[in-house]
Every structure is written in C-alpha cells, then in structure tokens.
Amino acid sequence: MGRHSLVGGLSIVGGVPLQGRVRVGGRKNSAVALIPAALLAAGPSTIDNVPRISDVDSYIEIITSMGVTVDRPTPHSLRIDPTGLINSVPSTEVVRRLRASYYLWGVLLARFGEAEVGMPGGCDIGQRPIDQHLKGFRALGAEAVIEHGVVKLKARRLVGAPIYLDVVSVGATINIMLAACLAEGTTVIENAAKEPHVVDLANFLNAMGARVVGAGTDVVKIKGIGSGSGGRIRSTGALRGADHAIIPDEIEAATFMVAAVATRGDVVVENVITKHLDPITAKLRETGADIEENGDWVRVRMAGRPKAVNVKTAAYPGFPTDAQQPMTALLSTAEGTSMVTDTIWEARFKHVGELLRMGADIKVEGRTAIINGVERLSGAEVEATDLRAGAALLVAGLMAEGETVVKGIELVERGYEGIEQKFRQLGAQLERLPDEGDEGSAPAQLRVLKSGS
Ligand code: EPZ
C-alpha cells in the first residue's frame, strides 16, 4: 500500500495505562476464506461472527458484482446466496485491494472449470509469490498461466492428487482445499499450513457436505465429491449451504495484549481461544507480563518496564508474523536488546522507519530488527504503510509521551473492527482527525489534544 492512499489520521495522547475489558471479533483471515467458500454451494449459507472490516466489504463487493446475493441478517452475520453466480472476470481494481481475492481461483475453477482473476493485492510486506497455488491447481489437472496481470485457469475435469507444498503456505493450502472439494478422487496436501483458520474452513466445508480430514495437521486430505459426476465440472454448486460461526481473531487479541503490556496496563481480552494465543502469551510472559488464561478470555497485567526478548516468526504454532510488528513496537522500550526475525515476509519492517521518528533505536539487517530498548518513545507524526504496521504505530502511540498522529488509519480498518472505539473503551485518548482532503481540515495532522486525566 503506498502513501498516496493515505487519508485518515488518528491522534493519540500516549502514556495512559490501558484498563478494562475488550471483546475480540471474528478472524479476518477466516472470513476472507469462508466468504468465497460459500460459493461452492448450490444454496445459501449463513456465516456468523463476521468482522466489520473493509477487507470483508471489498469481498462482498467482488462477489455481488458476479451475481451473488449477500444480506446482513445481523450486524455480524452474512447470508450468502450463490445461486446467481456467473463466471465473470471481477474488477481488477477491487481484486487488487486485498490478498484473499486469490481464493476465487480455487472456487471458480472448481465450479466452472475456468477462472480469470487479476493478480491479488494486499499488504506490501514482501514478494508474495503464488507458485504453490499454481502448482496445486496443475496437480489437479488444470492449466494455469499468468497473462497481462491476470491468472488464467482452465480444466476439463479436476482429479485429486498428492501435492507436497515446498513452503508452508496458508493461501495455497486453502486454495487447493477449495478446488479439491469438487474434484474426483482424493487430494492429499503435505506440508500443509496448520493455522486455525485452515481448520475453520475445513469445518465449514464439511458442514457443506465436503469431506476434509486432517486440517490443523500438516497433512490435509480432501475426498472430492465430484466422483459421482466423473469429476466433470458442474455449473451449479455441488455442496449445500451451511451455517457457521467464525473463530475469534488471534491477531486482534494479540494486538490488545501487546498494547496492555506496552502501556503497563491491566486488560481482559474476551472472546478468544486461549490455545491459539499460546505463542503470544509465552512471549509476553518472557517480557515480564502477568497473564491469566481462562478458556475464552485472558487477563494481561504489566507493572514496570518490559524485558527484552528475541522473537522469530514462524508458521502456526510459531509466533505469528502478523503480530510481529506490534511486538516490535512494544520491544522498542524494553530493557536490553531484542532481536526480531521475520522468517515469513522479507519486507515486513516498514514500521521501523516510523518508530525511529518516535525515538526508537532499531537497526534492520536483512530479516532481523535489532532493537536497543529506549526508556520511552515520544509522540510524532507517523504513517501506516500496511495493516499491521498501522497496528504497531497505534501501540507505539499509546505508550509514547505526548501526541502521536498516525496517518493512513484506513489501512488498519482493513483488518480491525472499531479499533478506535475499542482502545478508547480501555481508557486510551484517541481522536479521529478529519481526512486531509476534507474542506477546512488542512492542518489535521497538527491538531493537538490536551493530555487530561
Ligand atoms: C496469509 O497470507 C495471511 N493473509 C497473511 O496475513 C499472513 O501474514 C500469512 O498468511 C502468513 O501467516 C490472508 O490469510 C489473507 P502464505 P498468504 O501463503 O496466504 C511463501 C495479515 O496481516 N509462499 O502463508 O499470502 C511466501 O512468500 C496478512 O493479516 C511461496 O513461496 O501467506 C511466504 O514467505 C498479511 N509461494 C510464505 O510462503 C506461494 O505460492 C507464507 O505465505 C505462496 C507463499
């Protein structure tokens, strides 16, 4: 995401220890997989606990443009009726807004034997290759080419196959699962991603009549239901619609947990699956935080300055790369030197330049950030360069002395519902600044809040 797209700003007066309770919503990276999965059915599905974030809105925009009917029976549920789905080429502009538009490849290929979808967008955090997705589709019998920025897939029939992923990829695992559901015979994905949202998707697909086993381990087997039709492509969805509630978002939870430690606060984070938070909980305890877990909530308390720790991101159940940036912000004021290595994305340190403006002492060498903890950060005007970089800057602003203005807050809204209200509810002093383009709002970034009680 480039600076040109920055519009919104958020002013934060830091230094207030966060206190109280906050409720986590449904997992973004599940929602953006389950929405396209619903298109594999012949009838409507209802998905509950859907976060109200702009990535979900973009997905709805894409599928409604393709003939799908989407209603919101409640603020956090979606009824998706794919009866009118037509195999059309979705607008490149919308497809490029988010990464997960690539799940349309697997879904359209399975439904129509043909798909043409532009290359996806998403956060600028590294190269983001798609070779493992294409390798999977080819193993199922599809032709796959990229022409003029469009991924073109074609298959007369899809036949299950063994597929060994060269790298653990969440996206490729999910895309192959989506396509393999309607194939003839069994697909076995080895070295599959084990993330809880892969399990969430498998549960949804199975409720729709698919036969997926092993999700959550590194071997996922999908018995395609296309065998009855000789694996030939059907133009109506072959699964049935189902009802499903999305699991909680562990990265949203991690962000609040990190912010609680960063501000030396006392926060209960509700509606979580504590098991999914293990890598975060363990690392925050190493910094000196006191964490109490109780099934669906965690209480995070911190007194004093955090201790430096080393972090290395890894596929689940390792420390999630999506929580690395907020964690780096926290460690910028830890006592001692921390080393944070991102093994998943090679360019996920764009937030570091902004943290330097706030007085952090961090050097990035390759995939590692070497963080010499400073006593405190001081507020400054900073820009979110991607979704989690934005979350990191909010954490930094919350612990900094004085006012921080985080610009580009719309990038944060791609993945966090009501982040501003939720932090405010925990006592943070935040104020939304008018967009720079708004009339009479020229000095938006200069507006200063009084640091009050
Ligand atoms: C998903 O991205 C998430 N996005 C990302 O979340 C998350 O950072 C990432 O998984 C890792 O957990 C969505 O779910 C929409 P990958 P994805 O395929 O699927 C390499 C956020 O902040 N690779 O698991 O694109 C790749 O370069 C976002 O919410 C290949 O080499 O990630 C990376 O090093 C950002 N070839 C590693 O695998 C491929 O074909 C993991 O990528 C695919 C990936």
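Tutor: Helices (H or I, at least four residues) and strands (E, at least two) are DSSP runs, numbered from the N terminus. This is a predicted model, in which local features need pLDDT of at least 70, side-chain atom pairs count only at pLDDT 80 or more, and totals for chains, interfaces and linings use all residues. Residues are numbered from 1 along each chain as its sequence is written, and side-chain values use heavy atoms, with hydrogens and water left out.

Student: Which glycine just after H7 takes a positive phi?

Tutor: Helix H7 covers residues 196-207. Just after this helix, a positive phi of about 105° is taken by glycine 209.

Student: How far apart are the end C-alpha atoms of H7?

Tutor: H7 has 12 residues, and at 1.5 Å a residue (times one less than the number of residues) it should span 16 Å. The distance between its end C-alpha atoms agrees with this, being 17 Å.

Student: Which strand pairs with S18 in the antiparallel sense?

Tutor: Two strands pair if DSSP finds at least two bridges between them. S18 (residues 337-341) pairs in the parallel sense with S17 (residues 311-312) over two bridges. S17, helix H10 (residues 324-331) and S18 also make a β-α-β unit that is right-handed (clockwise from the first strand over the helix to the second, with the strands pointing away from the viewer). Over five bridges, the antiparallel partner of S18 is S20.

Student: In S20, what is the bridge partner of threonine 337?

Tutor: S20 comprises residues 368-372. Within S20, threonine 337 has as its bridge partner asparagine 372.
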